[in-house]
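Hi,

Here is the structure I said I would pass on. Have a look at it first, and then read my notes underneath.

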Amino acid sequence: MKNLPLLLGVVVLGSALWLLFGADTDEAQDGLDGTDYLPSENGGGPGLKADGREPEGPATNGGVPDAPPNTTTSGVADATLVGRVVDDRRVPVAGAQVQLGIGARVLGRAETDADGRYTLGVPASARGSGVRLALVARTEDRRAGTASAWLDASGAREQKLPVIVLRAAHDLQVHVVREGGGVMGAQVAAVHRGAGVPLLLASENGDEDGRVLLRGLPPGPLELFATAPGHGRARTTLRVPRAENAGPALLELQAERVLTVYVYDAQSQRPVRGAELLLGDTRTMPIPHGPGYLPSLPPARTDRRGYAVIRRLGADETIYVNARAAGYAFAPWWHARTQMAAPGVEEVRVPLARARRVRFPVIEDTVPTPPDGTVINVESRGAARDTGGAGLTAVIEDGDVIVTGLGAGGVAGTLIAPSGALATFMARAGSSEGQSVTFRLPRTVRVRVVERGGAAVADLPLRLRAGGRAPAVDPAVTDAEGLAVFTGVGGDRAVLHRDGPGVGPGGPPLATLDLTLDVEVHDVVLEPAIELVLTTRIEGSPRLPAEYALMAGGARLGAARIDEDPTAGELRCLLRPPASDSRMRVQLHARGYLVEELDVDPRESSVRETIDLRPAGRLLVRVEPPEDGSYTLRLQRYDTDREDWMPARIPTARSALGAGRDVASADGMHVYEGLAPGRYRAFERGSRRASEEIEVGLGAEVELRLDLSGARWVRGRVIGPPGARLVQARVLVDGQAGGVWSGVRPDGEGRFRIRADRDQPVTLRVTHPTLMPAARGGRVRLAAGTDEVELRLESGPELSFRVSGYEDAQTPASGLWHAPFTVHLLPKDGSGGERLSAQPVADSGTFRLGGFKPGVYTLWLTFGRTYAPYVREGVQLGTQSLDLGTIRPSTGTTLRVRVAGLAERPGAAVWAVVSHEGEPAYTRHGSLDREAGELVSRGLGAGRFRVVVRGAGLAGGSSAARILLETVVTADGSSERTLDVQLP
């Protein structure tokens with residue numbers, strides 16, 4: 001079974017949820033692994049009443065009991081969340097029922113008072129920075145709204161939540177069908193998808209005809225899931241911005257697919273009994289530990305033979321399968337062990353590696369080594385999450401620390417002795433002995449933050465980052481006297497950052513602290529804050545927009561930092577200037593209005609501005625879908641400078657308001673809001689069809705129609721020589737609107753399907769990195785209505801080479817990136833051939849490349865970022881095969897940028913980008929050697945390079961980057977070059 005390399009890109013989208021519910025404790029994982037929006041044969045789901053309320057009785061949500069009103073699942077609140085519910089005119093709403101949760105797990109409930117305010121306790125399991133949960137509020141008069149909240153572990157007793165805006169709720173009629181007929185016993189769940197946080201809103205069973213009515217849904221993006229006994233799943237994404245848009249939705253169940261999973265011991269090849277399966281798909285965000293989640297399928301466990309059977313999968317779904325079991329190291333989703341079950345695959349095999357036992361020698365310092373037999377608490381962290389999580393154990397043996405339960409990958413973490421002494425540990429992948437550790441008693445660091453002039457800065461979230469291998473510490477918040485206390489601090493130096501929701505990871509640096517100084521309190525002085533008062537007017541009258549986000553210096557201001565006066569239409573907040581010599585850009589993003597900006601002078605003590613909000617345009621696109629119902633819609637805007645259609649950028653920042661991508665409403669309409677004036681059109685990527693263009697003005701609502709009923713799938717097969725890797729081929733379409741476009745790759749047997757127009761003839765052609773399109777059959781002209789086609793590849797002239805040292809380049813430590821290398825073929829002149837960038841195929845140490853047109857080329861061969869490109873000019877290709885022999889990669893020119901004063905500025909961030917001014921374009925990024933005080937860029941070939949050195953955190957606590965040096969240098973591809981730069 002092949003693994004999917006792009007799992008890393010998918011899992012980055014869900015890192016916040018992994019940090020909350022990842023491999024830290026089995027209890028936390030067991031609480032959410034069973035999230036089950038729909039009852040199924042693999043496990044029971046929670047179910048909701050039609051009005052969105054939980055049923056009476058001791059119902060459980062994925063193994064976690066529902067929390068009673070105004071309590072938490074732990075029974076003990078670490079902090080209090082304070083929020084407010086308003087209507088679409090920002091007027092407080094009393095008596096609204098508010099629910100906090102994620103997926104089907106309810107973490108707390110509350111009711112708003114006369115001022116629209118409510119409070120919720122923070123569950124102990126939900127403490128941690130970078131955690132986002134979902135909120136939903138409902139009223140008896142059928143209004144509803146949703147929001148999402150970042151939670152932090154700063155220790156603040158009270159956290160302010162985003163305002164929930166209520167609008168008219170809607171009922172949604174859903175019809176579940178299969179092959180044209182309704183499915184009796186179908187179950188449907190509606191999940192809110194705002195800001196990427198899933199929250200179960202309603203779940204119902206259908207009638208005999210498969211019809212389901214979901215009541216009281218809030219406006220916004222929804223995902224609908226359906227399943228039924230004996231059928232596969234169905235899912236669709238809707239967006240209902242207004243109650244009147246809530247037309248009927250159709251869900252068509254697929255044929256049921258049954259997947260058998262076999263889990264075995266990688267060493268003994270024996271089956272593993274009782275292994276827990278972790279299942280994921282490709283479309284949805286990780287919850288809590290995968291590239292997606294299957295809401296109708298809670299985790300299953302293997303039987304005594306090591307097998308588990310997963311039912312109710314859709315026939316065309318790609319499923320990712322991982323597993324964990326006692327005594328085996330847990331590998332995360334981005335680990336190579338995750339298996340991909342493509343459509344048509346009926347069985348996958350998952351190997352489990354036995355947990356690793358690693359010895360860490362102890363070097364004593366001021367704290368004596370704990371006696372043999374002492375149990376040490378161990379907390380893993382870092383990029384290597386295959387540590388076993390709660391399965392880790394540590395004990396002192398013969399004066400060393402023995403950690404059991406580690407996976408095969410590299411690992412880092414913290415050891416905590418019973419005395420409270422801390423040590424950090426690190427181990428390389430596969431090693432049985434890690435780096436030496438030293439236990440030290442942690443410090444308590446007190447920091448007082450004041451403004452220049454002496455005024456205390458209260459309620460400021462802070463984070464302290466110690467240098468070296470010191471363990472991380474929890475953030476803190478300044479009290480009324482500006483004092484913040486950090487406990488468990490290791491190391492001798494630390495950098496103080498502003499922290500909290502809307503500031504970003506770590507926030508800008510404020511000061512560097514020398515922890516070896518014998519001081520009781522470290523004093524930090526900030527520039528005086530700027531009081532910003534914004535008066536917003538709508539249609540000439542002071543009024544706050546229903547939903548907005550305030551950005552300052554590129555970071556969103558958290559709800560706790562903004563005070564509102566709805567009557568006067570005022571927003572008040574304090575801004576910390578980034579630097580004494582730079583202006584701060586402030587942006588107001590309001591849903592339904594254009595973005596308004598202003599520059600704030602940091603020398604001002606207060607700024608008052610009045611902003612007249614301008615209504616943005618709104619575009620409705622009604623699509624006539626193709627017969628199969630599958631299409632990918634894009635909105636385009638005409639760029640007058642480029643004189644071409646470009647992807648439309650919605651002026652209202654989607655990240656600021658958590659709007660997400662546009663999806664179809666229940667009545668088949670696609671809604672695009674927040675549009676700036678201009679010319680727009682709808683474009684379908686698969687068929688390359690575009691609608692007519694239309695002008696959108698300020699506040700205008702216009703409608704377009706895009707007819708895709710003539711689009712169809714053309715199915716075919718690529719045929720090549722025996723043994724050819726057909727998955728490397730690409731099928732392209734010529735002659736449709738938009739010209740040539742990047743096509744599709746066939747499967748291992750050469751089968752493919754591609755969009756074409758039912759009524760117009762098109763041409764298909766095939767390309768391959770090592771094979772030539774056949775003279776007859778490499779390009780096929782299709783008449784209207786053709787359904788099957790064959791494209792043929794044949795052997796042709798090849799370019800081959802070997803790389804010296806490749807056999808020793810299998811590990812990152814060698815610096816040479818192993819295959820595939822990248823080959824660039826550049827025509828000698830504009831008509832001498834076609835530009836080609838391809839990945840050659842390795843065959844027994846020889847790399848081969850074909851499929852090029854005859855001509856004279858300049859050949860570039862790139863190996864990685866620490867080696868210079870290999871260049872050969874005047875290469876004649878296409879008449880016969882050419883062997884370049886053995887190529888020896890060169891390290892090229894090394895550019896060193898010496899940064900004066902860098903060692904004395906540990907809080908400063910400095911980096912360099914070195915760009916080649918020629919073809920092909922490539923860049924090198926300078927790696928920072930702080931001890932030597934220089935940035936090192938390796939792998940520069942001969943030519944001219946533009947060097948740009950930037951720095952941040954250099955003056956006044958500013959996090960804004962500034963250019964320190966910009967110049968052009970010439971490299972000869974062998975010797976070193978040195979530049980000097982001075983920190984301001």
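Below is what I found, going from the whole protein down to single side chains.

Before anything else, keep in mind that this is a predicted model. The protein has 984 residues, and 51% of them are buried. Its secondary structure is made up of four helices and 79 strands, so you'll be looking at strands for most of this email. If you take the contacts between residues at least 6 apart in sequence, 65% of them link residues at least 24 apart. The accessible surface is about 43700 Å², with carbon and sulfur atoms contributing 47% of that.

A good place to start is strand S29, residues 400-406. Six of its seven residues are buried. S29 pairs with strand S26 (residues 356-360) in the antiparallel sense, over five bridges, and arginine 359 sits opposite isoleucine 402 there. S29 also pairs with strand S28 (residues 393-397), again antiparallel and over five bridges. In that pairing threonine 393 faces threonine 404. S28 and S29 make a hairpin with two residues between them, and aspartate 398 in the turn has a positive phi of about 55 degrees.

Next, scroll towards the end of the chain. There you'll find an open sheet of four strands in the order S74-S73-S77-S78, paired antiparallel. Strands S74 (923-925) and S78 (962-971) are at the edges with a single partner strand each, so one side of each has no neighbour in the sheet. From one strand to the next, the twist averages 20 degrees. S78 is joined to strand S77 (residues 943-952) by nine bridges, and glycine 943 has alanine 971 in S78 as its bridge partner.

Now for the rings. How many aromatic pairs are there? The count comes to five. One of them is tyrosine 262 with tyrosine 264, which are stacked at 5.7 Å centre to centre with 15 degrees between the planes. Both of these tyrosines are buried, and together with Tyr307 they form one aromatic cluster. Arginine 349 lies over the face of tyrosine 264, 4.9 Å from the ring centre.

Tyrosine 638 and tryptophan 645 are edge-to-face, because their planes are at 70 degrees, with the ring centres 5.3 Å apart. Tryptophan 645 is buried, at 15% relative accessible area, while tyrosine 638 counts as partly exposed at 22%. Tyrosine 638 has an arginine over its face too: arginine 679, at 4.2 Å from the ring centre.

Cheers

Notes
Residues are numbered from 1 along each chain as its sequence is written. This is a predicted model: local features need pLDDT of at least 70, side-chain atom pairs count only at pLDDT 80 or more; totals for chains, interfaces and linings use all residues. Side-chain values use heavy atoms; hydrogens and water are left out. Buried means under 20% relative accessible area, exposed over 50%, partly exposed in between (1.4 Å probe, protein chains only). Contact means heavy atoms within 4.5 Å. Accessible areas come from the Shrake-Rupley method with a 1.4 Å probe; for residues, only the protein chains shown count as cover. Two strands pair if DSSP finds at least two bridges between them. Axes are lines fitted to C-alpha atoms, for helices over the stretch in contact, and angles run from 0 to 180 degrees between N-to-C directions. Rings of Phe, Tyr and Trp (its six-membered ring) pair if their centres lie within 6.5 Å; planes under 30 degrees apart count as stacked, over 60 as edge-to-face and the rest as tilted. A charge sits over a ring if NZ of Lys or CZ of Arg is within 6 Å of the ring centre and within 35 degrees of the ring normal.
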